[in-house]
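Open the model in your viewer and keep the sequence panel visible. This tour goes from one selection to the next and says what is there.

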Amino acid sequence: MKITDPIADYLTRLRNAIKANHRVVEIPASNIKKEITKILFEKGYILNYKFTDDNKQGIIKIALKYNNQTKESAISSLTRASKSGLRQYAGADNLPRVLNGLGIAIISTSKGVITDKEAKKENVGGEVLCYVH
């Protein structure tokens with residue numbers, strides 16, 4: 001099956017797994033999905049991840065993070081900003097802020113896939129891929 005927007009598919013699989021209270025979700029891999037997964041892990045939104053090779057494109061196994069007492073996910077919202085029909089770009093001077101700095105925006109720049117705070121520090125803009133909080 002051909003997917004027209006692989007990043008939207010990645011975010012939807014994560015959202016569905018969180019709503020179903022799954023512990024692990026498997027997603028077909030690509031380089032940009034791997035970079036987004038690394039950012040989610042570094043920022044504490046997921047528990048762990050593993051890249052496995054299946055002699056095709058590979059699979060990303062993501063262990064989702066939940067609060068032990070309330071059983072709520074660390075990710076409360078995943079929103080795709082730039083869609084295939086309407087790309088969203090932001091310059092270095094007008095990068096988006098998510099929940100007044102409590103969330104992150106993941107941005108594809110010339111220096112790789114980074115968060116909004118790192119892009120501001122590096123003084124680069126790019127395509128706003130998604131918002132996480």
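Begin with the aromatic rings: the structure holds two aromatic pairs. Rings of Phe, Tyr and Trp (its six-membered ring) pair if their centres lie within 6.5 Å; planes under 30 degrees apart count as stacked, over 60 as edge-to-face and the rest as tilted. Select Phe-41 and Tyr-49: their ring centres are 5.3 Å apart and their planes stand at 75°, so this pair is edge-to-face. Now add Phe-51, which forms a tilted pair with Tyr-49, at 5.1 Å centre to centre and 45° between the planes. Ring pairs thus link Phe-41, Tyr-49 and Phe-51 into a cluster.

Before going on, note that this is a predicted model, in which local features need pLDDT of at least 70, side-chain atom pairs count only at pLDDT 80 or more, and totals for chains, interfaces and linings use all residues. Residues are numbered from 1 along each chain as its sequence is written, and side-chain values use heavy atoms, with hydrogens and water left out.

Colour the cluster by accessibility. Buried means under 20% relative accessible area, exposed over 50%, and partly exposed in between (1.4 Å probe, protein chains only). Phe-41 is partly exposed at 34%, Tyr-49 is partly exposed at 24%, and Phe-51 is partly exposed at 30%.

Stay on Phe-51 and select Lys-34. The charged end of Lys-34 sits over the ring of Phe-51, 5.3 Å from the ring centre. The rule for this is that NZ of Lys or CZ of Arg is within 6 Å of the ring centre and within 35 degrees of the ring normal.

**Helix H2**

Select residues 31-42, which make up helix H2. Helices (H or I, at least four residues) and strands (E, at least two) are DSSP runs, numbered from the N terminus. H2 has 12 residues and spans 17 Å from its first C-alpha to its last, close to the expected 16 Å. The expected span is 1.5 Å times one less than the number of residues.

Which residues of H2 are buried? They are Lys-33, Ile-36, Thr-37, Ile-39 and Leu-40. Look down the axis of H2: the buried residues fall within an arc of 160°, so they line one face of the helix. The arc is that of the directions from the helix axis to the C-beta atoms. On the face of H2 turned away from the buried side, find the exposed residues Asn-31 and Glu-42. Past H2, click on Gly-44, whose phi is positive, near 85°.

**Salt bridges**

Side chains of opposite charge can pair when their charged atoms come close. A salt bridge is a side-chain nitrogen of Lys or Arg within 4 Å of a carboxyl oxygen of Asp or Glu. By this rule there are seven salt bridges.

One of them is in H2: select Glu-35 and Lys-38, whose side chains meet at 3.5 Å, N to O. These two are three residues apart in H2, separated by about one helical turn. Glu-35 is partly exposed at 30%, and Lys-38 is partly exposed at 29%.

Next, select Lys-61 and Glu-26, another salt bridge, at 3.7 Å from N to O. Lys-61 lies in strand E3 (residues 59-64) and Glu-26 in strand E1 (residues 24-28), so the pair ties together parts that are 35 residues apart in sequence. Lys-61 is partly exposed at 32%, as is Glu-26 at 43%.

Then select Arg-80 and Asp-5, a salt bridge whose closest N and O atoms are 3.1 Å apart. Arg-80 lies in strand E4 (residues 78-80) and Asp-5 in the segment before helix H1 (6-19), so this pair ties together parts 75 residues apart in sequence. Arg-80 is buried, with a relative accessible area of 11%, and Asp-5 is buried at 14%. Leaving aside neighbours within four places in sequence, Asp-5 is in contact (heavy atoms within 4.5 Å) with Arg-80 and Ser-84.

**Helix H1**

From Asp-5, move on to H1, which has 14 residues and reaches 20 Å from its first C-alpha to its last, close to the 20 Å expected. Its buried residues are Ile-7, Asp-9, Tyr-10, Leu-11, Leu-14, Ala-17 and Ile-18. What covers the buried residues of H1? The covering elements include E1, H2, E3, E4 and strand E8 (126-132). Finish at Asn-21, which follows H1 and has a positive phi, near 55°.
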